[in-house]
Amino acid sequence: QVQLVESGGGLVQPGGSLSLSCVASGVSFRFYTMGWYRQAPGKQRELVADMTNGGGTNYAGFVKGRFTISRDNAKNTVYLQMNSLKPEDTAVYYCNARFVGAVSTRDYWGQGTQVTVSS
């Protein structure tokens, strides 16, 4: 059974920092692209950042220079360090594990963790 468990969300003031973690189980973690997505109220879920099994990274334009994604394959964990947070970063943040096979793609999602940026 695949499980992705996020932690680290909370309330932070504008300009502050938060670090999110996502621990995966039930998957061969090192073969998966791991990513963070977010969904604000009334909006569609959007990619924040992802990291391939080879270490390549991809960031949404709105977080470049502020957020950093990293992974520890030994701990089956992906991280998102968020700095210089803005009120518009307020959303539920979801961890994603994606395996791209020869004929199909598998996606798994965590339950989400709330990030609220407010003074």
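R38 counts as buried, because its relative accessibility is 6%, below the 20% under which a residue is called buried. This value, like the others here, is computed from a predicted model. Side chains of opposite charge can pair when their charged atoms come close. R38 takes part in such pairing: its side chain meets that of E46 in a salt bridge, with N and O 2.9 Å apart. E46 is partly exposed, with a relative accessible area of 32%.

R38 also meets the side chain of D89 in a salt bridge, again at 2.9 Å from N to O. This pair links distant parts of the chain, since R38 lies in strand β4 and D89 in the loop between β8 and β9, 51 residues apart. D89 has 0% relative accessibility, so it counts as buried.

D89 forms a salt bridge with R66 as well, and the closest N and O atoms of that pair are 2.7 Å apart. Here too distant parts of the chain are linked: R66 sits in the loop between β6 (57-59) and β7, 23 residues from D89. R66 is buried, with a relative accessible area of 11%. Through shared partners, the salt bridges join R38, E46, R66 and D89 into one network. The structure holds 4 salt bridges, and those of the network are listed below.

| Salt bridge | N to O distance |
|---|---|
| R38 and E46 | 2.9 Å |
| D89 and R38 | 2.9 Å |
| D89 and R66 | 2.7 Å |

E6 is a charged residue in another setting. Its place is in strand β1, which covers residues 3-7. E6 is buried yet has no salt bridge. The nearest side chain of opposite charge belongs to R45 and is 7.5 Å away, while a salt bridge requires a nitrogen and an oxygen within 4 Å. What the side chain of E6 does reach is backbone: the nitrogen of G112 at 2.9 Å. The backbone nitrogen of Q111 lies 3.1 Å from a polar atom of the E6 side chain. Leaving aside neighbours within four places in sequence, E6 is in contact with several residues, among them S21, C22, W36, Y93, Y94 and C95. G110 and T113 are also among these contacts.

Next comes the nonpolar interior. The largest nonpolar core has 29 residues, and W36, L80, M82 and Y93 are those with the most contacts inside it. Several strands each supply at least two residues of this core, including β3 (18-25), β4 (33-39), β8 (77-82) and β9 (91-100). Strands β5 (46-51), β7 (67-72) and β11 (113-117) do so as well. M82 shows how one core residue is surrounded: apart from neighbours within four places in sequence, M82 is in contact with G16, S17, L18, L20, R66, F67, Y93 and V115. R66, one of these contacts, is also a member of the salt-bridge network.

Now for the chain as a whole. The protein chain has 0 helices and 11 strands. Its radius of gyration is 14 Å, close to the 14 Å that the globule rule gives for 119 residues, so the chain is as compact as a globular protein of that length. Along its principal axes, the C-alpha trace spans about 45 × 25 × 25 Å. Buried residues make up 39% of the 119 residues. Among contacts between residues at least 6 apart in sequence, 54% join residues at least 24 apart.

Technical notes. Residues numbered from 1 in each chain as written. Predicted model: local features only at pLDDT ≥ 70, side-chain atom pairs only at ≥ 80, totals over all residues. Heavy atoms only, no water. Core = buried A, V, L, I, M, F, W, Y, C linked by side-chain atoms within 4.5 Å. Buried < 20%, exposed > 50% of the residue type's maximum accessible area, 1.4 Å probe, protein only. Helix = DSSP H or I, 4+ residues; strand = E, 2+ residues; numbered from the N terminus. Contact = heavy atoms within 4.5 Å. Lys, Arg positive; Asp, Glu negative; His and termini not counted. Polar contact = N/O pair within 3.5 Å; in protein donor to acceptor, adjacent residues only side chain to side chain. Rg over C-alpha atoms; globule rule 2.2 N^0.38 Å.
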